[in-house]
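Student: I'd like to learn how to read a few features of a fold from its coordinates. Can we go through them one at a time?

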2 protein chains.
Amino acid sequence: MSMEIKYPNGKSNKVTKAQPSKKPNMTKSHLGVDFEQAINDSNSYYLSQNMASIYKKPTPIQIVKVDYPARNKARIVEAYYRTPSTTDYNGIYKGYYIDFEAKSCHSTSFSFKHIYVHQIKHLETVMQMGGISFIIIEFSLKKEVFVLPTRLLLEKYNESLNGGRQSIPYEYFKENGYLIHYGFLPRLDYLNVVDKLIELRNKIF
Amino acid sequence: MSMEIKYPNGKSNKVTKAQPSKKPNMTKSHLGVDFEQAINDSNSYYLSQNMASIYKKPTPIQIVKVDYPARNKARIVEAYYRTPSTTDYNGIYKGYYIDFEAKSCHSTSFSFKHIYVHQIKHLETVMQMGGISFIIIEFSLKKEVFVLPTRLLLEKYNESLNGGRQSIPYEYFKENGYLIHYGFLPRLDYLNVVDKLIELRNKIF
């Protein structure tokens, strides 16, 4: 998701300085709050309809110091962001294990700088273990959202390791990904695409 | 898991004051760090053997204020613990969605005060959606660890709502749960029990 800090008052702030050297460069994907909220709202809707139980994982935080003000709840006064072990979202749908990463993208291509190598590896592991894994990319300028299955992500990633392009262009998503339409309930019906992925997989195996 | 704050220096401190009113009373389960580590180590082992991909979810934190000291990474200077939406652990094993809560228990029974109602509900939802869900309880004084399937947890929980016992005694786990033995690799082979749960479920359906 976006690498912004989301303050409870709704304001936000870029964390350019906050990024350790291994952290993906998210400076071009800093307006993804609405997109993230659309996914979270969709997940709440799916759960309310008993369709799926999919949640965003909390951001991992390294806690260093905690204060206990009298009569108040514990207050963390020193902590740092940690690198997430896996992806943003996981859960269950139609008995399948679902796992994905969601990114908002403000240029005309999705750069591999925007995702950790170990997250790509995690998506691959899930795929190999029989789960349904993918990335959801929002091209914010075009207001279009695509699902790209892990198999295709890996294909492009391996090309990038062998001297190919270091990003996946919008056109590739348009031709090979699955467009998700914004709607009312759910706001982003990505399980509709997951149905297609399940169908496709069951044809292959 | 334990409701202690785990400081990076290895010291710890109870968070009795930190608990909002709805928070389970964990004061009797405050020594579960080794137990949690045994589960995490087992998950690392399972992943290294390509058997399963199961992770502990990060503790949810509400971030209020972040500082950006020059040349340093972002430092969170005001934050609070939030109530977890779901359970501690989830992932994939043999294509099944796996979901469980782990608790260390320092008395001779597991009290329903030690788990959130919405966590029990979450385990039930997962079960109904075709996942494998359960709790893992360590009785620390006896150094015994049991898996209790959600179906049995729900049975005892519903009894407690209808005037029955507000806890599940050790003897019940011993008779109806599945003992997990501590070993070397993995330290806690709970997937061995999950195999039995899968087998049992496939007999029923």
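Tutor: Sure, and one term has to come before anything else: contact means heavy atoms within 4.5 Å. Keep in mind that this is a predicted model.

Student: Then let's use it. What covers the buried residues of α3(B)?

Tutor: The cover includes α2 (117-128), β9 (132-139), β10 (144-149), β11 (167-169) and α4 (170-176) of chain B. The buried residues themselves are T150(B), L152(B), L153(B), L154(B), K156(B), Y157(B) and S160(B).

Student: How do I read spacing along a helix like that?

Tutor: An α-helix has 3.6 residues a turn, so residues three or four places apart point the same way. In this case, helix α3 of chain B spans residues 150-161 and reaches 16 Å from its first C-alpha to its last, close to the 16 Å expected at 1.5 Å a residue. After α3(B) comes G163(B), with a positive phi near 90°.

Student: On to sheets. In what order do the six strands of the open sheet in chain B come?

Tutor: The general idea is that strands of a sheet pair through backbone hydrogen bonds, either parallel or antiparallel. Here the order is β3-β6-β7-β9-β10-β12 in chain B, with mixed pairing. β3 (52-56) and β12 (178-180) of chain B are the edge strands, each with a single partner, so one side of each has no neighbour in the sheet. From one strand to the next, the twist averages 25°.

Student: How many bridges join β3(B) to strand β6 of chain B?

Tutor: Five, and the two strands run antiparallel. Within that pairing, A52(B) has Y93(B) of β6(B) as its bridge partner.

Student: Which strands does helix α1 of chain B lie across?

Tutor: Helix α1 (residues 33-48) lies across β3, β6, β7 (96-105), β9 and β10 of chain B, at about 150° to β3(B). α2(B) packs on the sheet as well, touching β7 and β9 of chain B, and its direction makes about 150° with that of β7(B).

Student: Now a single residue in the other chain. Is H118(A) buried, partly exposed or exposed?

Tutor: The middle class runs from 20% to 50% relative accessible area. H118(A) counts as partly exposed because its relative accessibility is 33%. You'll find H118(A) in helix α2 (residues 117-128) of chain A.

Student: What does the side chain of H118(A) reach?

Tutor: The backbone oxygen of P84(A), at 2.7 Å. H118(A) and P84(A) sit 34 residues apart in sequence, with 9.4 Å between their C-alpha atoms. Beyond its neighbours within four places in sequence, H118(A) contacts T83(A), P84(A) and S85(A).

Terms used
Residues numbered from 1 in each chain as written. Chains lettered and ligands numbered in written order. Predicted model: local features only at pLDDT ≥ 70, side-chain atom pairs only at ≥ 80, totals over all residues. Heavy atoms only, no water. Helix = DSSP H or I, 4+ residues; strand = E, 2+ residues; numbered from the N terminus. Expected span 1.5 Å × (residues − 1). Buried < 20%, exposed > 50% of the residue type's maximum accessible area, 1.4 Å probe, protein only. Polar contact = N/O pair within 3.5 Å; in protein donor to acceptor, adjacent residues only side chain to side chain. Pairing = 2+ DSSP bridges. Axes fitted to C-alpha atoms, helices over the stretch in contact; angles between N-to-C directions.
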